[in-house]
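Here's a set of exercises to work through with the model open in your viewer. Try each task before reading its solution.

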Amino acid sequence: MEAVVVLVIILAVIGVIGLMSSVKVVKQYERGVIYRFGRVNALPKEPGPRMLVPFMDRMTKVNMQVVTMPVPAQDGITRDNVSVRVDAVLYFRVIDPIRATVDVQNYQFAMLQVAQTSLRSIIGKSELDDLLSGRERLHEGLELMLSTPATGWGVHIDRVEIKDVALPESMKRSMARQAEADRERRARIITADGELQASQKLSEAAKTMDANPSALQLRLLQTVVEVAAEKNSTLVMPFPVEMLRFFDRAAGGTGGTGGTGGAEQGAPAEAEAGSPGEQAAGAGPKADPPAERAALTEPDAPAPAELPRAAGRPQIPDPRSSEE
């Protein structure tokens with residue numbers, strides 16, 4: 001009797017253990033793949049409590065959430081021969097748990113390796129400008145390259161993005177100089193455009209002031225008011241050039257005739273009277289002209305031609321004659 005009780009207890013314990021091992025709970029973000037005697041069941045188990053046949057079924061849970069996988073940085077050379085280091089991030093999820101567990105040994109490791117090779121391939125096919133500014137097209141290319149093997153593994157690629165592009169220091173300096181030159185070019189163009197617009201407006205303003213001379217005076221007074229508002233000790237008054245020309249014409253018209261007559265009348269008197277120095281020089285002994293002295297010193301030399309003398313003007317004696 002006691003042996004029967006012990007046997008019943010043993011069977012009850014075995015039954016409880018088997019019952020506990022046969023009941024599985026599948027979470028909402030998981031799917032259960034059932035293997036019965038090593039053969040996979042055609043339909044995965046949905047979320048909730050599931051009963052398995054003890055010692056016959058084995059269940060593998062597959063996570064159906066979106067997996068965020070960072071792709072390690074890859075070194076490569078772009079199509080325009082620039083060495084870069086690019087890293088990316090991959091977002092994918094499992095859509096067929098049976099294929100993800102049966103067709104591939106480790107789908108996450110497989111996706112990581114495919115992402116690295118695809119990233120290196122896309123670096124070699126692209127230029128540096130595309131990696132820096134045209135990333136949307138590269139993202140689409142990477143997604144297409146990853147989707148081809150992932151579809152057969154029951155994995156869906158949500159998106160893939162390039163995170164960072166590391167450039168050499170020399171290339172960074174070259175790009176900085178290029179950006180600085182471009183900014184300077186744009187600044188010069190904007191300045192020249194402003195000068196052109198200002199010249200057009202000034203030309204229109206000059207035409208308006210030419211038609212209305214009073215506008216120039218008003219502008220002059222406004223300038224004086226602006227300068228005086230600065231509380232300066234010195235006030236600079238702009239003077240119109242037209243007024244200076246008017247005074248010049250007025251002075252030349254009145255003083256020109258009188259001055260000419262006076263000069264003509266005063267010339268004979270000056271010629272007759274001579275300067276006091278000339279009168280004083282004429283009072284002394286008459287000196288020999290240079291031509292006569294040359295004839296005395298060199299008797300064989302030809303006599304020079306006499307220079308015409310101005311009528312009514314006494315000749316200035318040579319001071320060296322007295323010394324001789």
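**Exercise 1. Find what Gln116 touches, where it sits, and whether it is buried or exposed.**

Step 1: leaving out residues up to four places away in sequence, Gln116 touches Val71, Pro72 and Gln74; contact here means heavy atoms within 4.5 Å.
Step 2: Gln116 is part of helix H3.
Step 3: its relative accessibility is 17%, so Gln116 counts as buried. The cut-offs are under 20% relative accessible area for buried, over 50% for exposed and partly exposed in between, with a 1.4 Å probe and protein chains only.

Before going on, some ground rules. This is a predicted model, where local features need pLDDT of at least 70 and side-chain atom pairs count only at pLDDT 80 or more, while totals for chains, interfaces and linings use all residues. Residues are numbered from 1 along each chain as its sequence is written, and side-chain values use heavy atoms, with hydrogens and water left out.

**Exercise 2. Take stock of the protein chain: how many helices and strands does it have?**

Step 1: the protein chain has eleven helices and eight strands. Both are DSSP runs numbered from the N terminus: helices are H or I with at least four residues, strands are E with at least two.
Step 2: of the 324 residues in the protein chain, 20% are buried.
Step 3: take the contacts with a separation of 6 or more; residues 24 or more positions apart account for 67% of them.

**Exercise 3. Work out the strand order of the sheet that holds E6, and what packs on that sheet.**

Step 1: the order is E6-E7-E8, an open sheet of three strands with antiparallel pairing. Two strands pair if DSSP finds at least two bridges between them.
Step 2: strand E6 (67-77) and strand E8 (155-166) are the edges, each with a single partner strand, so one side of each has no neighbour in the sheet.
Step 3: from one strand to the next, the twist averages 25°. Axes are lines fitted to C-alpha atoms, for helices over the stretch in contact, and angles run from 0 to 180 degrees between N-to-C directions.
Step 4: count the bridges. E6 and E7 pair over nine of them, with Val67 partnered by Phe92 in E7. Strand E7 (residues 83-94) is joined to E8 by ten bridges, and Val94 has Val155 as its partner in E8.
Step 5: add the helices. Helix H5 (residues 135-152) packs on the sheet, touching E7 and E8, and makes about 140° with the direction of E8. Helix H3 (residues 107-125) lies across E6, E7 and E8, at about 35° to E6.

**Exercise 4. Find which element gives the largest share of the largest nonpolar core.**

Step 1: that core has 36 residues, and those with the most contacts inside it include Val86, Phe92, Tyr107 and Leu119. A nonpolar core is a set of buried Ala, Val, Leu, Ile, Met, Phe, Trp, Tyr and Cys residues joined through side-chain atoms within 4.5 Å.
Step 2: E2, E6, E7, H3, helix H4 (128-132), H5 and E8 each supply at least two residues.
Step 3: the largest share, nine residues, comes from H3.
Step 4: look at Tyr107. Leaving aside neighbours within four places in sequence, Tyr107 is in contact with Val62, Asn63, Phe92, Val94, Ala100 and Val155.

**Exercise 5. Locate Asn81 and Phe37, and check the phi of each.**

Step 1: most residues other than glycine have a negative phi.
Step 2: Asn81 has a positive phi of about 60°. Asn81 sits in the turn of the E6-E7 hairpin, which has five residues between the strands; at 67% relative accessibility, Asn81 counts as exposed.
Step 3: Phe37 has a phi near 55°, also positive. Phe37 lies in the loop between E2 and E3 and counts as exposed at 63% relative accessibility.

**Exercise 6. Describe how helices H6 and H7 cross.**

Step 1: the axes of helix H6 (residues 169-211) and helix H7 (residues 213-228) come within 4 Å and cross at roughly 115°.
Step 2: H6 and H7 are therefore roughly perpendicular to each other, the label for 65 to 115 degrees; under 35 is roughly parallel, over 145 roughly antiparallel and the rest oblique.
Step 3: the contact is made by Met209, Asp210 and Ala211 of H6 with Pro213, Ala215, Leu216 and Arg219 of H7.
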